Amino acid sequence: MTKVLHTKLSVKTAADVEVIDVTEMIRNWIRSEGFSDGILTVSSVHTTAGVTINEGESRLMEDIGMHLSKLVPKGAGYLHDKVDNNAHAHIAATLIGSSATLSVVSKSLGLGTWQRVLFVEFDGPRSRTIRCNFVGV
Ligand code: ZN
């Protein structure tokens with residue numbers, strides 16, 4: 001019988017820009033629900049934070065945040081800054097994207113050896129929510 005389940009995971013970010021490895025939180029949910037095989041979507045429900053898949057090496061995670069910030073610097077004359085002064089964060093979040101689709105295979109996340117699920121904050125620190133949806137068995 002096919003299962004369709006949803007959950008929300010909470011993440012507290014501690015800096016303006018921060019990359020957080022959330023892979024174990026997602027693995028724990030898969031284990032706790034007993035998922036075996038299917039498709040899992042992982043989404044940021046925010047417009048200034050995203051989700052991507054890459055290596056979870058700590059210096060690389062710093063590099064990703066730092067260099068995306070350089071690519072889209074604060075206060076560079078954005079129109080949206082007249083509203084709430086965070087256009088840079090919205091634009092950087094569009095570069096990362098808001099979600100990732102993963103496979104669950106034989107009770108494991110179908111990630112490559114070095115792949116991790118990364119939550120990327122661009123307008124912290126804040127309390128954030130990640131929505132996970134699973135369809136499978
Ligand atoms: Zn805004």
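1. A word on charges to begin with: Lys and Arg count as positive here and Asp and Glu as negative, while His and the chain ends are left out. With that in hand, the protein chain has 14 positive and 14 negative charges, and their mean positions are 5 Å apart. Please keep in mind throughout that this is a predicted model.

2. Now the overall layout. The protein chain is built from four helices and eight strands. Read from the N terminus, the order is β-β-α-β-β-α-α-α-β-β-β-β. The radius of gyration is 16 Å, close to the 14 Å that the globule rule gives for 137 residues, so the chain is as compact as a globular protein of that length. You may like to set this beside the extents of the C-alpha trace, which spans about 55 × 30 × 20 Å along its principal axes.

3. A few totals for the whole chain may help as you turn the model. Buried residues make up 41% of the 137 in the protein chain. The accessible surface comes to about 7400 Å², and carbon and sulfur atoms hold 55% of it. Among contacts with a separation of 6 or more, 83% are between residues 24 or more positions apart.

4. The aromatic residues are a good place to zoom in. A search of the whole structure turns up two aromatic pairs. In one of them, tryptophan 29 and phenylalanine 35 meet edge-to-face, with 5.0 Å from centre to centre and 80° between the planes. Tryptophan 29 counts as buried at 7% relative accessibility, and phenylalanine 35 is buried too, at 1%. Phenylalanine 35 also pairs with phenylalanine 134: their ring centres are 3.7 Å apart and their planes are at 10°, so this pair is stacked.

5. What does the stacked pair tie together? Phenylalanine 35 sits in the loop between helix H1 (23-33) and strand S3 (38-44), whereas phenylalanine 134 belongs to strand S8, so the pair joins parts that are 99 residues apart in sequence. Phenylalanine 134 is buried, with a relative accessible area of 0%. Through these ring pairs, Trp29, Phe35 and Phe134 are linked into a cluster.

6. Staying with strand S8 (residues 127-136), have a look at isoleucine 130, which is placed there. Its relative accessible area is 0%, so isoleucine 130 is buried under the 20% cut-off. Beyond its neighbours within four places in sequence, isoleucine 130 is in contact with Thr7, Lys8, Leu9, Val11, Val22, Val42, Ser43 and Phe119. Threonine 101, 29 residues away in sequence, has its C-alpha 13 Å from that of isoleucine 130.

7. Helix H4 (residues 87-96) deserves a point of its own. Its buried residues include Ala87, His88, Ala89, Ala92, Ala93 and Ile96. Which elements cover them? The cover includes strand S4 (49-54), helix H2 (58-71), helix H3 (81-84) and strand S7 (116-121). After H4 comes glycine 97, with a positive phi near 90°.

8. Phenylalanine 122, in the loop between S7 and S8, brings us back to that helix. Is phenylalanine 122 buried or exposed? Phenylalanine 122 is buried, at a relative accessible area of 2%. Apart from neighbours within four places in sequence, its contacts are Asp16, Val17, Thr48, Ala49, Leu68, His88, Ala89, Ala92, Ala93 and Ile96. Valine 17 is 105 residues away from phenylalanine 122 along the chain, yet their C-alpha atoms are separated by 4.5 Å.

9. Lastly, threonine 48, found in the loop between S3 and S4. Threonine 48 is buried as well, with a relative accessible area of 4%. Not counting residues up to four places away in sequence, threonine 48 touches Asn86, Ala89, His90, Ala93, Val120, Glu121, Phe122, Asp123 and Arg128. For contrast, threonine 48 and leucine 109 are 61 residues apart along the chain, and 26 Å separates their C-alpha atoms.

Notes
Residues are numbered from 1 along each chain as its sequence is written. This is a predicted model: local features need pLDDT of at least 70, side-chain atom pairs count only at pLDDT 80 or more; totals for chains, interfaces and linings use all residues. Side-chain values use heavy atoms; hydrogens and water are left out. Helices (H or I, at least four residues) and strands (E, at least two) are DSSP runs, numbered from the N terminus. The radius of gyration is taken over C-alpha atoms; the globule rule is 2.2 Å times the number of residues to the power 0.38. Buried means under 20% relative accessible area, exposed over 50%, partly exposed in between (1.4 Å probe, protein chains only). Contact means heavy atoms within 4.5 Å. Accessible areas come from the Shrake-Rupley method with a 1.4 Å probe; for residues, only the protein chains shown count as cover. The place of a charge is taken as NZ of Lys, CZ of Arg, CG of Asp or CD of Glu. Rings of Phe, Tyr and Trp (its six-membered ring) pair if their centres lie within 6.5 Å; planes under 30 degrees apart count as stacked, over 60 as edge-to-face and the rest as tilted.
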